[in-house]
Amino acid sequence: MDRPDLMAASRPIVVNGAFRPQAVSGQQRYAREIADRLVGEAGVTEASPSGWFARSALRTWAWVFGVLPIRRRSDVLVTLTSRGPLAHPRQVVVVHDLFVITNPEWYSRKYVLSHAPLLKAQLRSAKTVAVVSEPVARQVAESGLTRARIVVAPNAPSAQFLDAPDAVDQPLLGRLGITADRFLLAVGNLDPRKNFDRLARAFASLDPAVRAECPLVVVGGVNATVFASVGIEWPTETILAGYVSDPELAALYRSARGVVFPSLAEGFGLPMVEAAVSGARLSVSDIGVFRWIAGDAVSYFDPTSVEAIAGALLGLIEADDDIDESFGADIRARFDWDQSAATISEASRRVASQ
């Protein structure tokens, strides 16, 4: 992983571990996978809030703003989620997306007022910005918010979704009251960007007999602190599974008739990649980052059209062709946590050697 020409870094590299107390979602999974690989490399440690500072989110923010940048001012600081200092003289910042700036209507007012200025400040002060996809790299470069070097270090499928055992399949399906190959699956938080309101209307437009034969399972929850509220009227044939464990999610990917992702926008789209390596049949919204990930390997639909989403659902239900396993293999080769950690390691050592 280490680049010999950059190993003579004169400054220590410190991973900002402020994400550790948080529940694991997309950004936190990314941070854990990358941090666990970086820590243990020569010259790399992690600083995390502890004691009084770890007892609440507000106290953790006090540590992020008041303790971390002072104690680690002379080090290279690697911030992997939005929980980072406003400024640091040698910070490598990971940007997952710019939506809190470009689409504030998707978020709660409190979150926009706190996180939009924070992200702008981090971009202004960063020595290097790491992003999770090429589309985000273009957006950051065109935003004019930073003059820092930009590198791409994508998300990747975690071990739980690669050759996962099927021990949890039948108990899980039985608990949810569904049958393998006879349900559709959607995964994501119930926030405006995920476009589940249109998904619900599209599913409701299908024949009731079709819905009864192939119900829709929705995995995810609501985070009212971060996101704007969404009023969704789900048809009675919808099964709201809430949050599930990674082995259970892998089981649902393997067992579903098809998986639909109707997002209006994504920085990366980690669930799509996890579904692909689990061998799922996919139908996804026609947005730039999904095209960057999947090319022509999946079917696309217009996410702003309820009729198009309904057609995609019917297409998954009625599909009689075999799933192309080469797509999952391509995802495994292109997106790898070790490769992304190596990219961030090299970028951090470059800053340390300057």
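With 354 residues, a compact globule would be expected to have a radius of gyration near 20 Å, and this protein comes in at 21 Å, so the two agree. Keep in mind that this is a predicted model. The C-alpha atoms fill a box of roughly 65 × 40 × 40 Å along the principal axes, and the chain is built from 14 helices and twelve strands.

**Overall packing**

- Of the 354 residues, 54% count as buried.
- The protein exposes about 15200 Å², and carbon and sulfur atoms supply 51% of that area.
- If you take the contacts with a separation of 6 or more, 68% of them come from residues 24 or more positions apart.

**The nonpolar core**

- In soluble globular proteins, nonpolar side chains tend to be buried together.
- Here, the largest nonpolar core has 64 residues.
- Which residues have the most contacts inside that core? They are L80, L185, F261, L282 and I344.
- Take L185 from that list: setting aside neighbours within four places in sequence, L185 is in contact with L216, V217, V219, L252, Y253, A256, G258, V259 and V260.

**Aromatic pairs and clusters**

- A pair of aromatic rings is described by the distance of the centres and the angle of the planes.
- Searching the whole structure turns up eleven aromatic pairs.
- One of them is F268 with F335, an edge-to-face pair at 5.4 Å centre to centre with 85 degrees between the planes.
- That pair links distant parts of the chain, with the two residues 67 residues apart. F268 sits in the loop between β10 (258-261) and α10 (270-277), while F335 sits in the loop between α13 (325-334) and α14 (337-353).
- Are F268 and F335 buried or exposed? Both are buried.
- Elsewhere, Y107, Y111 and F227 form one aromatic cluster.

**Arginines over rings**

- R291 lies over the face of Y300, at 3.7 Å from the ring centre.
- R334 lies over the face of W292, and here the distance from the ring centre is 5.5 Å.

**Backbone oddities: D181 and N195**

- Most residues other than glycine have a negative phi, and most peptide bonds are trans.
- D181 isn't a glycine, yet D181 has a positive phi of about 70 degrees.
- You'll find D181 in the loop between α6 (169-176) and β7 (184-187).
- With 33% relative accessibility, D181 counts as partly exposed, because partly exposed covers the range between 20% and 50%.
- N195 also has a positive phi, about 65 degrees, although N195 is not a glycine either.
- N195 is in the loop between β7 and α7 (196-204).
- What does 0% relative accessibility make N195? It makes N195 buried.

**V140 in helix α5**

- V140 is part of helix α5, which spans residues 134-143.
- The relative accessible area of V140 is 0%, so V140 is buried.
- Which residues does V140 contact, once neighbours within four places in sequence are left aside? They are V95, L98, L123, V129, V131, T146 and I150.
- V140 and I70 are 70 residues apart along the chain, and their C-alpha atoms are separated by 27 Å.

**G84 in a loop**

- G84 belongs to the loop between β3 (76-79) and β4 (91-95).
- At 0% relative accessibility, this loop glycine, G84, counts as buried.
- Not counting residues up to four places away in sequence, G84 touches N16, W61, V64, F65, T79, Q91, L118 and Q122.
- G84 and F19 are 65 residues apart in sequence, with a C-alpha to C-alpha distance of 9.3 Å.

**P208 in helix α8**

- P208 lies in helix α8, which covers residues 208-213.
- Its relative accessibility is 48%, so P208 counts as partly exposed.
- How far apart in space are P208 and A141, C-alpha to C-alpha? The distance is 48 Å, and in sequence P208 and A141 are 67 residues apart.

Technical notes:
Residues numbered from 1 in each chain as written. Predicted model: local features only at pLDDT ≥ 70, side-chain atom pairs only at ≥ 80, totals over all residues. Heavy atoms only, no water. Core = buried A, V, L, I, M, F, W, Y, C linked by side-chain atoms within 4.5 Å. Buried < 20%, exposed > 50% of the residue type's maximum accessible area, 1.4 Å probe, protein only. Contact = heavy atoms within 4.5 Å. Phe/Tyr/Trp six-rings, centres within 6.5 Å; stacked < 30°, edge-to-face > 60°. Helix = DSSP H or I, 4+ residues; strand = E, 2+ residues; numbered from the N terminus. Lys NZ or Arg CZ within 6 Å of the ring centre and 35° of its normal. Rg over C-alpha atoms; globule rule 2.2 N^0.38 Å. Areas by Shrake-Rupley, 256 points an atom, 1.4 Å probe, with all protein chains shown as cover.
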